[in-house]
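Here are my notes on the model, point by point. Please read them with the coordinates open.

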Amino acid sequence: MKDTARIRTALALAVRANLPVLLWGAPGTGKTSSVLALGRELDLPVEVVVGSVREPGDFSGLPVVHEGGTRFAPPRWAERLAAAGEGLLFLDELTTAPPAVQAAMLRVLLERTVGDLVLPAGVRIVAAANPPGLAADGWELSAPLANRLVHLDREVSAADVAAGFAHGFPDSGAADAVAPSAEGVAAARAAVGAFLRVRPELVLAVPEDPGRAGRGWPSPRSWEAAAVALAAGRANPGAPESEAAVAALVVGAVGEAAGFEALSWLRTLDLPAPEDLLADPGLALPDRADRLHALLGALVAHVAADGGAPAWERAWEVVARVSRTVPDVAATAARDLASRRPAGAAPPAALLELAPVLRAAGLIPGEAA
């Protein structure tokens, strides 16, 4: 599988999942043209904002007097995207944007806000940058800005370029990709959370080397992006590039060391599907606590998406089974499951057996001293 296909698919998945993504590559490698082509493929307007020629006010808004008060007026590019209701915001040449401009971009990436204008949910954000050593008057990305982006390295294959000139460059596949569901994201978050229980030191690991702080590194924010990327991959199975593309997104979010370790751990889970477990609560369960955390997390996410009383009631049978061997794992699931009780759902039949677990979860008062 060619590297360009992997990055092309990763970009498509990121755009569909609404993950802010940053394409790294040397000058002249087609980063801008690929984003413009992506906009045409999705029939979306593209607004190109070049960081090197912008001021902080182009992102934070310009103060103007309005009806006796002050408002921060957004630039025209933001107004056009808001009027369209959807589109691609392409932030080009990030590493030539001075630190003050990078700081102003933070709110756009985190809150999707430009001045006093909130960008519609249908606006996707894609950025591009040359490595600082290859950029004219280049700056390293600040750690806060880097942590808000999923980093993808665009490598050029001579064979792919030659084939593209001869026969045309292929589409990204974004038009056929679908966004992950809320259930899928919740299940992926549960799996990532289970991994972080095993490796708590990876929840937050700010790079000490300034040269590495401008790329992906582990934080709760970037782990959330990694979970969304996993969910996007599960929502779009079948393409030969999908697995490698998801791996690129996870690594691009949290960095190579943490990303590859998480992916390796997730590949070995081999858990029963939540719907199979609800259909037969007697299915074999994993014997490791971390896998049980992941299993019950996915089960709770499935039950929440289902929304029905039967699924909620059957899930308690699985929690009761786990409580017999690993009560602390069951307590976490019990708390989450209780908070999602559907209207009309009966108390679980295993309530008596679960009393110690429910007490540990803080759902029933403890015994009087």
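1. Start with β2 and β5. These strands run parallel and are joined by 5 bridges. One pairing to check is Val 50, whose bridge partner in β5 is Asp 92. Bear in mind throughout that this is a predicted model.

2. Now the whole sheet. It is open, has 5 strands, and follows the order β2-β5-β8-β1-β9 with parallel pairing. β2 (46-50) and β9 (150-153) are the edge strands, each pairing on one side only. From one strand to the next, the twist averages 20°.

3. β8 has two partners to inspect. It runs parallel to β5, with 6 bridges between them. Gly 87 has Val 123 of β8 as its bridge partner. β8 also runs parallel to β1, here with 4 bridges. In that pairing, Leu 23 is matched with Ala 128 of β8.

4. How many of the residues of β8 are buried? The count is 8 of 8. Both faces of the strand are covered. Gly 122, Arg 124, Val 126 and Ala 128 are buried on one side. Val 123, Ile 125, Ala 127 and Ala 129 are buried on the other. Note that Arg 124 is among these buried residues.

5. Helix α2 (residues 31-42) lies across β1 (21-24), β2, β5 and β8. Its direction is at about 175° to β5.

6. Helix α5 (residues 99-111) passes a length check. Its 13 residues should span 18 Å at 1.5 Å a residue, and the end C-alpha atoms are 19 Å apart, which agrees. Its buried residues are Val 101, Gln 102, Ala 104, Met 105, Leu 106, Val 108 and Leu 109. The cover over them includes strands β5 (86-92), β6 (113-114) and β8 (122-129). Helices α3 (57-60) and α6 (143-146) also contribute to that cover. After α5 comes Arg 112, with a positive phi near 55°.

7. Helix α16 (residues 327-338) passes too. For its 12 residues, 1.5 Å a residue gives an expected span of 16 Å, and the end C-alpha atoms are 16 Å apart, which agrees. Val 329, Ala 330, Ala 331, Ala 333, Ala 334 and Leu 337 are its buried residues.

8. Aromatic pairs come next. The count is 4. In one of them, the rings of Phe 195 and Trp 265 have centres 5.8 Å apart and planes at 55°, so the pair is tilted. Phe 195 lies in α8 (residues 182-198) and Trp 265 in α12 (residues 256-267), so the pair ties together parts that are 70 residues apart in sequence. Both residues are buried. Together with Trp 223, Phe 195 and Trp 265 form one aromatic cluster.

9. What is the geometry of the Trp 312 and Trp 316 pair? It is edge-to-face, because the planes are at 80° and the ring centres lie 5.6 Å apart. The two residues are 4 apart in helix α15 (residues 309-323), so about one helical turn separates them. In general, an α-helix has 3.6 residues a turn, so residues three or four places apart point the same way. Trp 312 counts as buried because its relative accessibility is 2%. Trp 316 counts as buried at 3%.

10. A last side-chain contact to view is Arg 215 with Trp 24. Arg 215 lies over the face of the Trp 24 ring, 4.2 Å from the ring centre.

Note on methods:
Residues numbered from 1 in each chain as written. Heavy atoms only, no water. Expected span 1.5 Å × (residues − 1). Buried < 20%, exposed > 50% of the residue type's maximum accessible area, 1.4 Å probe, protein only. Contact = heavy atoms within 4.5 Å. Phe/Tyr/Trp six-rings, centres within 6.5 Å; stacked < 30°, edge-to-face > 60°. Lys NZ or Arg CZ within 6 Å of the ring centre and 35° of its normal. Pairing = 2+ DSSP bridges. Axes fitted to C-alpha atoms, helices over the stretch in contact; angles between N-to-C directions.
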